[in-house]
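Please look over the model shown here before reading the report, which takes up domains, one helix and the contact between chains.

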Amino acid sequence: MNDSFEQFDLPVAFEVDRQQLDERFRRLQAELHPDRFVRQGDQARRMAAAVAADVNEAYAILGDDYRRAVHLLERTGVAFDPERDTSQDIEFIEAQIEWRERLEETAASGDAAGLEAVATELAQARAEARAKVADALKEPGTPAPDAKDRVLELRFFDRLLEETKRTRQNLARGK
Amino acid sequence: MALLQITEPGAESAPHQRHLAAGIDLGTTHSLVATVRSGEADTLPDEQGRHILPSVVHYAADAVSVGHAAAEHAADDPHNTIASVKRLIGRGAADVATLSGELPFRLKTGESSVPRIETAAGDKTAVEVSAEILHTLRQRAEETLGDELEGVVITVPAYFDDAQRQATRDAAQLAGLNVFRLISEPTAAAVAYGLDQGEENTIAVYDLGGGTFDISILQLRRGVFEVLATGGDSALGGDDIDRAIADWLLNQAGMAGETDPQRLRRVLLAARQAKEALTDAARTPVEVRRADGSTWSGELDRDTLVELARPLLERTMAACRQVLEDAGLEPGAIDEVVLVGGSTRMPAVREAVEGFFGRTPHAGIDPDRVVAIGAAQQADILAGNKPDTELVLLDVIPLSLGLETMGGLVEFIVPRNTTIPVTRAQEFTTFKDGQTAMSLHVVQGERDVVDANRSLARFTLSGIPPMVAGAARIRVTFQVDADGLLNVTAREQTQGVEAHIEVKPSYGLTDSEIEQMLRDSASSAREDMEARRLREEQVEADRVLEALDAALETDGDRYLEAAERQTIEQARDALRAEREKGADPDAIEAARKRVEQASEAFVARRMNDSIRRALAGHNVSEYDAGN
């Protein structure tokens, strides 16, 4: 079972019902966690561990905007290489450089309020990037031609937000 | 569906039959065993009524003693009296060297990666010493309950890495225990207070023992227990408060600078007793005997105690602040606070904790026993004594797993806080023509540089079919089980050849070392090895038979063609015959493997079906909720 949507019996779509996803995850783990098989012999326990690992993985994919989008694209035959893929959109590459410079400069100046402002703007930009991904994947079977670039852009914002969070923590800690 | 445990409440095949299970808190200074009886979890006392077993093992040339009896040798035979062995378990020579100054016994590091402790009974590893403690607890439980334990849940610190968890499991194996699951100590404490029943909770577990302090922040979210952050001080505990009181007493009695060890011990004892008395009383009388035989009599009150304890409490609060920061939380974000460890009985500690987190901590359960009690509750569920309990305790991997790549850098394979069990695969290729082997170095930790992390193991893959450089595609699969233990397999994809893996644990025992210990160990010498192996195979055969019979009855008609069913039943009958003969463990094992092979497709079909049922069951409850 390689299709995460199928595994959770959820409609193949970019938007997922978070509550439904969580509820199904809990039900599946309640049935399939290897803890439920400790008295059933090693074979059953091993198989349960393999299935439970699949369920954990599918849950992680479906619960994350970027990974879910990648999964949707891969279903239609679009290949991803997380090491090498970068957006081909020149405009966006320029925007990336700008964002990075802003973050680095603000961090270097030790301006906590400034960092918070950058984080807020980044969160807004991320929301916009997410909306574009949702739009590009409106028809999950036939994604827009630029869908992959949109997804890579979403990844950029996820990563930069994570970095910003770390920078803010380090700043608060006085490092 | 017994095989999948979806028995309806009350439909249990043999409701009278309880499965014996226990929870074990294997601690640095003391250990406990607990079990659920008549619905209540409690720790089990020894024949003298003592619940706590000091984690001390004494080795004489021809006898081993454990617990109170062993602790009595600490003064007269320190080299052979092994205490605090938990600080060594799963550790390598380098870690141990930094600890050895604090430990009275003699360590040697030889050709094996696991350091040995020299004793009168020969060289012992931390795994063997821990096995003695576990064996004593197992005996206590089995004598109390009147039968063998089916399995146990053992607690480990949240920050234990793979090597330390594996070593703990190895110790349990040596002690003849079937481990249902390892769970983290703070998780067990939270379970004891029923905090796993909630929807979403952020929980702080403040654990102040005699010599160690741990603070953990857990998050319960939709049945997943996640350790957000953990911290503390491995050299801070109630003993430090005793010393502070003793210093105060010496000053009061005009005995500052006293050096006589016996008198100092007595003052320390008086200090501890006064501290304990002040748990309930506001003031307590204290007496100290001077060198000249005269006696100083005075009083210690709570205010003075608080003053004396303040610097130590401040240090624990600093650790709390740090761990909250690591978790990215404010003290106000903590929903529940749990107290663990004997030192949290002190009112001053409780007040300090309450003041810091701004909420009353859970303290209704004896803080020495709470971890063992939580473990016992989980063991009771896993043993199948609560068939209608749906909740499972999911855990996360506490430290990232990675592989060494070019230039001593780490490529992370499984990031920390990933829910386990988890499976991740990575593809590698050869860089030389005709290359048939390659080696992998697995590390655990959060740093980008290999040397800053813990080395877990080196794997050598061999049997790769010779091809031109870059043509082979070797898929290496990392599986982390529910206990956080890693297993690695490899397969060459283009030709489908299973690569052979040889594991060299960096700080762990190899399988053959464990086998040797099983043969040599004092605990197994007390039983006949063959008899034990036979019993283990019989128990496993019973498990398989019971599960299969139940599965055939409920689902045999639905999932099996007549011929398939016949094959399974033949294998099953052969296993039952071997099991009844009860003579040859190898024959039972072989018969069981044949049953497992014959029924593999059946098990898989039922498991797939149970996924569908789980999802369908959801739809029904959703429909109900909508009405």
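The report below goes through these topics in turn.

## Basis of the model

This is a predicted model, in which local features need pLDDT of at least 70 and side-chain atom pairs count only at pLDDT 80 or more, while totals for chains, interfaces and linings use all residues. Residues are numbered from 1 along each chain as its sequence is written, and chains are lettered from A and ligands numbered from 1 in the order in which they are written.

## Domains of chain A

Chain A is assigned domain 1 (4-63) and domain 2 (90-172), with bounds that come from an automatic or database domain assignment. Their C-alpha centres lie 31 Å apart, and four residues of domain 1 are in contact with four residues of domain 2 (C-beta atoms, placed from the backbone, within 7 Å).

## Helix α7 of chain B

Helix α7 (residues 261-277) of chain B, a DSSP run (H or I, at least four residues; strands are E, at least two) numbered from the N terminus, has buried residues B:V267, B:A271, B:A274 and B:K275. Buried means that 20 or more other C-beta atoms, placed from the backbone, lie within 10 Å of a residue's own, and exposed that 12 or fewer do, with partly exposed in between. Because the buried residues cover an arc of only 100 degrees around the axis, they are on the same side of α7(B), the arc being that of the directions from the helix axis to the C-beta atoms.

These buried residues pack against α6 (238-252), β16 (283-289), β17 (295-301) and α8 (302-327) of chain B, whereas the face turned away carries the exposed residues B:P261, B:Q262, B:R265 and B:L269.

## Contact between the chains

The contact takes 31 residues from chain A and 40 residues from chain B. On the side of chain A that touches chain B, α2 (18-32) and α3 (42-62) each supply at least two residues.

Terms used
Contact = placed C-beta atoms within 7 Å.
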